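Opening the notebook on this one. I want to jot down what I looked up, one topic at a time.

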Amino acid sequence: MKRASVYFILTLIIVAGCSAYRTAQFKRRYGPVRTVDRTVSSHKSGEISFYDEVQPILERRCDVCHGCYDAPCQLKLTCYEGLERGGTTKLVYDSARLRPDKPTRLFVDANSVEEWRQMGFHPVLNERDQTPPANLENSVVNLMLQLKKENPLPETELLPASFDISLDKKQNCTTAEDFSEYKKKYPLWGMPYALPGLTDKEHKTIVEWLRQGGLITPRPPMSANAKKIINQWEEFFNGTSLKQQLVSRYIYEHLFIAHIHFDDLPDREFYRLVRSKTPPGEPVVEINTARPYDDPGVEKFYYRFRPIETTIVAKNHTVYRMNRQKMELYRELFLQDDYEVNKLPSYDLKTASNPFKAFADLPAISRYKFLLDDAQFFVMGFIKGPVCRGQIALNVINDHFFVAFFDPEKDIISNDTAFLASVSDYLDLPTSGENKLNITILWTDYQDKQKKYLAAKGEYLAKLDPAKTGNDITHIWNGDGHNRNALLTIFRHFDSASVVKGFVGDTPKTGWVIDYPLFERIHYLLVAGFNVFGNVGHQLETRLYMDFLRMEGENNFLSFLPKDKRVEERADWYKGARAEHKIHLEDPLRGLQWDTGIVYTTNDPKKEFFEQIIEHAGPAAGPKDYLNRCPEKNCVDKNTGPLEQRADLALQKVTGKRGPEIQVVQDVAFIHVVTGNKDNDLAYTVIRNKALSNNSFMFGEERRRIVEDDTLTIVKGYVGNYPNSFVRVNLDEIEEFVESFLKIRDQLSYYNVARKYAIRRTSPNFWEEADWHYQKYLKDEPVEAGLFDMYRFNRIAEKSDAEFTW
Amino acid sequence: MAQCELLHSISSIVVKNPKPGTRPEGGSPKDKFAIRNPKSGLLIILLVSIALNHCGLSGINSWDSQVRGSDQMPDSIRHLVQKLATKSKKVENHTGLAITYPYDGAVFPPEIAAPVIVWEDANAASNHWLIVVEFSSQRSPIYAIADEQGWAPDQSIWEAVKANSVRAPAKITVYGFDLQHSDTIVAKNSIRISTSKDRVDASIFYRQVQLPFKVGKKNFKKLKWRLGDISSYEKPPVVMENLPVCASCHLFSKDGTLISMEMNYKEDSGAHFITSVRENIELSAEDFMSWNDFPRPELLPKTRGLFAKISPSGKYMVSTVHEISYAALTNNFAFCQLFFPTYGVLAWYSVDNREFHLLAGADDYDFVQTDPSWSWDEKYIVFARSTTKNDYHEDITNIHTHIEDADIQELNEKFPIQFNLYRMPFNQGKGGIPEPLKGASHNGMSNYFPRYSPDGKWIVFTRSRTGIMLQPDSELFIIPAAGGEARRMRCNRELFNSWHSFSPNGKWMLFSSKANTPFTEIFLTHIDANGVDSPPVCLSRFSDDHYAANVPEFVNIGPGAIKKIKISAQR
């Protein structure tokens, strides 16, 4: 054995020995670990209430990082159950995982603390003798808060370089027993990490609650109104006809990640649609399959609504509204007598993972209309779902592009149920192959299928339209004149993304036009079929297949442009010899012989097409984007007040800045315009759109950057769930701010502006500002709003510890 | 016997000329005094040995023919000189011989010590040389014989030369001849020098640094500061050495009562001392201020008080602050570093109140403002300005010295920063609006290191294609103080001319150049009332082997006014 190995083993033995020694000491001092029932029916006088006093603090100060899948150490503080579960060193997002992990979804994959302990979670609340000293000494939460109190965030302008705030920061998931080591190593790393600490009052409240044993009362029962509404919906979903069962299955597979809001219930009440072993009227026993189309494993199951008990965080808050109109729509789309369902599809993976097979009996047009009616929600699912985390997952799309849809009534492919069923083999998705590592073979297989599908589609269309007249503007869905889901804009913010209604921002590089088969496949690839606990092969396949789907959407878009411009336009989207070669090999531009029914009058057909879409959509296109597309100078929305107009006029100049000079600007910055009257304060988001020569490759993104084409978009309100920066500016100084912003050209000039206007991680008013944005978001969008994530909040600058010497 | 006397006399030339341990003007000993023909060199050594062993006579190599009955030169040699001198009148100029020092037209201060006259003779037949100094007056010439390519006149001869070259230049002619055929002159060339009636009347304070430049305590200890007197035949005394820290730029108040210097006291790179001039200066904490006390955004590197300048009255200091600098060590020996600030503003410091203030007008963060200079009445500040060049740094948050395997020219092409000179009122600290200085701005060149003449009429500045210091192509230009047409100064040498300083009386200006050697030397030029300068005089006694003599400053003090500067042991 080599000497290094011997040392390594010795070190391991010593470390393990130390840890065991400390655990033994804790046992001697505080007794053995055991299950603790902290539930009390009601609080006695002087006892701290979790729901009334503790949870609001956790929500505003802890959940901004400890929420969702990427909560550090999987410690979810968004609800009591998360606290009780504790933390683990296992990562949810692990791009190097060779075998799929067992899912660890709170409320789903374990039902008791003991089960979580068996799954490797360690406690952060005291599970030894329940005495006040033990309650504190054995609580990682208390120890972390105490550490911060003892070593507050340095009162420096810049957060010290020793704080790692990168997305892939190494996790340090300490236990109470090992906390002394953690404290020694990272004295500044108390919680909240790399942010200002709690106020004394907040600190005392939580510590006292912990000291008292972390007592919890039962949640208030569901309101009568909620029960009534849910009963109606559960009755609908659990109808027994084959048709109803198939429809319910279809809807469930599309809404399983939704935060369902019933319009007749309070704004902040949300539910999940789940499969339960128990029928309506009984407590929900959720069936915990990894994916919604996995075999439920029981003969009979029920669709049930389960309240969301956690803090609502914006990053996974995908709201789907249910109301009377929705029920009517479902009935109109799916429960008419114009088709029959004679047999239910099986749950074998081959069928279940392919919606064109599983739901072949449902009319394609109905399925498509179901998707279109809430298109933003479904697209949001692509980008707020678990798939969407990190740079590589997201560099499959451009930073800014517009999305329109084929009209379900006019598009032959989208409403031809028989054709889609006939090509369903070609529409297989790689997610049907369970966690394999032979990516190359799978890749070739799916590439081949995709090509066959496109060929079949081409032949089919040629038969129906031998003159090849092609699409005109009426082939674009106009939202039926009112539905604002008709036009969407997608922003990618490096390692996260957003979708908003309408065409927002200046003319983007690319656009997609989506038809039903494309829409459905993206959902099954990225949402229904994506297993966040899957292995590296699964993750790569998903990413690779998405390339095809993106190109399909882009090619649909190109088919509306003049024949002689399509190749040129696409070449502009895929610059670079390797990209050209790859795209030609994988997806040569088809249908070049097809005409377009749109008459173009300028040399910029792309821009003209977008303009025609907006005109065609009419009211569904939404308000004019004064901030980003103001052909005449100084145009403002006259429907707004003078304060807003002043801020608009000043801030719209920001979009004039582009190219290399905005490299230092953050991807997502929230601006708080202080008007002097708190109720009138304004919020804007500045988004940086980074251009790539092409999206053909997963890696080497930096080499494909074309910084000269980078742009900024400014939006009123909030876009993005992970702000990288807060700006606070008085309305009286807004012009001065914009002027200095326009002078930014490098890191230092950015720093000079930021130190004057930005809220820093070390700003004493950091939390005050974070709270303001959250409250403003809630005020503007009472249902759709969620808590912003601060995990990607950047420094205004990071200084090396090295000093310049000569 | 005559032959023996002659040989002996020649041998005495060999041993006397030049003085041991003294660097000849205008070049390194190796370059200027190499015996080109090894065979003739061996012969001379042989002859000298014979002469020394057998003749036992001594002799003098120069002869002032004005002085009757002079014993400066043995008769035999004098006869040879006379013979040659007679012949020389008929001799046309021969090519191949060039007098490399003094420079033709050079003007010497009246109190300066004698230089070494140096020439290069490419003629293989030349193995001995006759030097003739002639005057425009009726005064008789001075003669000398040399068997190497240099002649150091002794003090009396030199005083005679100076005294007789005030009204009109003296002509120095060097003739090359072959000793074996002493009637044949094979090479000849002449220059003219003159002596000004304007005295310098000031000392010169300068630093010596070993090349190549290196940082570190070991190297800081080798730094030396000397206080030089141009009239002395001795090397200037060292007044400061063996420092544990780095120290560099220094300046004195106009009256010479205060000295200021950048010195990294207690490891503080922004520390400067300001103290009264006295024979023994012992520096303590009270003598220091630090530019690092100027409030600084955290992202910026520590301020070092770059190009800080004490005002002529000693009441203020002005410096670059908030600076970010690009610094690289090159692979070149003579131009071993590239350094310039890419960002920075000017701030001033009140010496009495110990307070700092930004200097309005030179506080625009879109520019780098640096290298300030005071007008002698303190009404104006002239400074160098460029748009910021922070894109030259790979990472602005991690500024460090680069080690580049490239020479200065390659680096200049990579980082072509250019500065313009701006002038603005100081207005007792209130500042004003900076205006580009005509003739020293926006001319496609880099303009920097401005210095006012004491009468306030002129500004002399350095100009090169790029950069702000240590540039091979840097040259000195003069403009009217309010701006105007720039005139290239005559004193410029072929390589690197910079770091100039006016004498307190404004009649002389010294500067540094690497024209003769990679080890920077100090030169002196006369400036007349019209700002016209002369070909310079090299202060060769101010140089040491392996040391560059840099940052020279005229000081309005006598030669012995400072004897020692040291850091107090009580730190």
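Below are my entries on helix packing, the chain interface, salt bridges and some backbone oddities.

**Before anything else.** I'm working from a predicted model, and I keep that in mind throughout.

**Helix pair one.** I started with helix packing, where the angle between the axes and the distance between them describe a pair. In chain A I picked H26 (residues 734-742) and H27 (residues 747-757). Their axes come within 9 Å and cross at roughly 155°. Angles over 145 degrees count as roughly antiparallel, so that is how H26(A) runs relative to H27(A). I also checked the hand of the H26(A) and H27(A) crossing, and it is left-handed. Which residues meet there? On the H26(A) side I noted Glu736(A), Phe737(A), Ser740(A) and Phe741(A). Facing them from H27(A) are Val753(A), Lys756(A) and Tyr757(A). Sorting the residues of this H26(A) and H27(A) contact by class gave me four nonpolar, one polar and two charged.

**Helix pair two.** Next I took H2 (residues 50-61) and H28 (residues 766-780), again in chain A. I read an angle of about 95° for this pair, with the axes 10 Å apart. The window for roughly perpendicular is 65 to 115 degrees, and H2(A) and H28(A) therefore get that label. H2(A) brings Glu59(A), Arg60(A) and Arg61(A) to the contact, while H28(A) brings Trp767(A), Asp771(A) and Tyr774(A). The class tally for H2(A) with H28(A) is two nonpolar, no polar and four charged residues.

**Interface of A and B.** How many residues of each chain are in contact with the other? I got 20 from chain A and 29 from chain B. Together the two chains bury about 2,100 Å², and 57% of that sits on carbon and sulfur atoms. I then looked for salt bridges across the interface of chain A and chain B, and the rule finds two. One that I wrote down joins Asp366(B) to Lys743(A), with the closest N and O atoms 3.6 Å apart.

**Salt bridges overall.** Over all chains the count comes to 64. I pulled out a pair within chain A, Glu286(A) with Arg306(A), where the closest N and O atoms are 2.7 Å apart. Glu286(A) is in the loop between strands E2 (271-276) and E3 (302-307) of chain A, and Arg306(A) is in E3 of that chain, so the pair ties together parts 20 residues apart in sequence.

**Backbone oddities.** Where are the cis peptide bonds I looked up? I have one from Met191(A) to Pro192(A), with omega near 0°. Pro192(A) belongs to the loop between helices H7 (179-185) and H8 (200-211) of chain A. In chain B, the bond from Tyr101(B) to Pro102(B) is cis too, with omega near -5°. I find Pro102(B) in the loop between strands E2 (97-101) and E3 (107-108) of chain B. I also flagged Gln428(B), which has a positive phi of about 50° without being a glycine. Gln428(B) sits in the loop between strands E25 (420-425) and E26 (435-436) of chain B.

**One loop serine.** Last lookup: Ser284(B), in the loop between strands E16 (280-283) and E17 (288-290) of chain B. What does Ser284(B) contact, once neighbours within four places in sequence are left aside? I got Tyr265(B) and Ser568(B). I also checked Ser284(B) against Phe273(B): the two are eleven residues apart in sequence, and their C-alpha atoms are 8.9 Å apart.

Conventions: Residues are numbered from 1 along each chain as its sequence is written. Chains are lettered from A and ligands numbered from 1 in the order in which they are written. This is a predicted model: local features need pLDDT of at least 70, side-chain atom pairs count only at pLDDT 80 or more; totals for chains, interfaces and linings use all residues. Side-chain values use heavy atoms; hydrogens and water are left out. Axes are lines fitted to C-alpha atoms, for helices over the stretch in contact, and angles run from 0 to 180 degrees between N-to-C directions. Helices (H or I, at least four residues) and strands (E, at least two) are DSSP runs, numbered from the N terminus. Angles under 35 degrees count as roughly parallel, over 145 as roughly antiparallel, 65 to 115 as roughly perpendicular and the rest as oblique. A crossing is left-handed if the near helix is turned anticlockwise from the far one by less than a right angle, and right-handed if clockwise. Contact means heavy atoms within 4.5 Å. Ala, Val, Leu, Ile, Met, Phe, Trp, Tyr, Cys and Pro count as nonpolar, Asp, Glu, Lys and Arg as charged, and the others, Gly among them, as polar. Buried area is the accessible area (1.4 Å probe) that two parts lose on being put together, summed over both. A salt bridge is a side-chain nitrogen of Lys or Arg within 4 Å of a carboxyl oxygen of Asp or Glu.
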